[in-house]
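Hi,

Here is the structure I promised to pass on to you. Have a look at it first, and then read on for what turned up in it.

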Amino acid sequence: MTRLALKLIALTFVRTSELIEAKWREIDFDARRWNIAAERMKMKTPHVVPLSKQAIEVLVLLKKLTGESGSLFPGDRDPAKPMSNNTILKALERMGYKGEMTGHGFRGLASTLLHEWGFPHEHIELQLSHARVAPSVQRITMLCT
């Protein structure tokens, strides 16, 4: 589960808490999107995370492991609680990245790469959930759901 958590955070660049507290009801496999409710978001607005083919593959594997629990990443000792946020940090440390990388670091990495690749700054900020959704984007999102 830890390996899948690392893959998914790298593919979606959500906050660690958003990842480990995720529920299966938030995942829409058909629309290939992850709908995070406003109350779980730092900005207190709903957030839509598009899911790549690779992210869907991770979720399919994960569903086989935790699909019955309701949570994507249930705790090891208490399945009613989410995986510890230290799980990702400790895995990165065991991989040799102590002091160099954290779960949150994937967000900075994504921002840097997307800016270097020429993606519009506003889109990057929106996907990192640093900006509220503009009315035109809200209208498009509502039309797509």
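**Helix α1 and its neighbours**

Helix α1 packs against helix α4 (residues 85–97) at an angle of about 95°, and their axes are 10 Å apart. Angles of 65 to 115 degrees count as roughly perpendicular, so that is how α1 and α4 are placed to each other. Please keep in mind as you browse that this is a predicted model.

If you would like to find this contact on your screen, look for T2, A5, L6 and I9 on the α1 side. Their partners in α4 are T87, I88, A91, L92 and M95. Sorted by class, the residues of this contact are seven nonpolar and two polar, with no charged ones.

Helix α1 also meets helix α3 (residues 53–66). The axes of these two come within 10 Å and cross at roughly 150°. Since angles over 145 degrees count as roughly antiparallel, α1 and α3 are therefore roughly antiparallel to each other. Their crossing is left-handed. Here α1 contributes L4, K7, L8 and L11, while α3 brings Q54, A55, V58, L59, L61, L62 and L65. By class, the contact of α1 with α3 has nine nonpolar residues, one polar and one charged.

**A pocket to look at**

Next, do turn to the second largest pocket, which holds about 290 Å³ of space. Its lining is made up of 13 residues, and F13, A110, L114, W117 and F119 lie nearest the centre. Which elements give two or more residues to this lining? They are α1 (2–12), α5 (105–116) and α6 (121–127). The largest share, five residues, comes from α5. As for the class of the lining residues, eleven are nonpolar, two are polar and none is charged.

Enjoy exploring, and write back with any questions.

Best wishes

Note on methods:
Residues numbered from 1 in each chain as written. Predicted model: local features only at pLDDT ≥ 70, side-chain atom pairs only at ≥ 80, totals over all residues. Heavy atoms only, no water. 1 Å grid on protein atoms, 1.4 Å probe; cavity = no way out; pocket = protein on both sides within 12 Å on 5 of 7 lines; lining within 4 Å. Points joined across faces, edges and corners; volume = space filled by probe spheres on them. Helix = DSSP H or I, 4+ residues; strand = E, 2+ residues; numbered from the N terminus. Nonpolar A, V, L, I, M, F, W, Y, C, P; charged D, E, K, R; others polar. Axes fitted to C-alpha atoms, helices over the stretch in contact; angles between N-to-C directions. Parallel < 35°, antiparallel > 145°, perpendicular 65-115°, else oblique. Left-handed = near helix turned anticlockwise from the far one by under 90°. Contact = heavy atoms within 4.5 Å.
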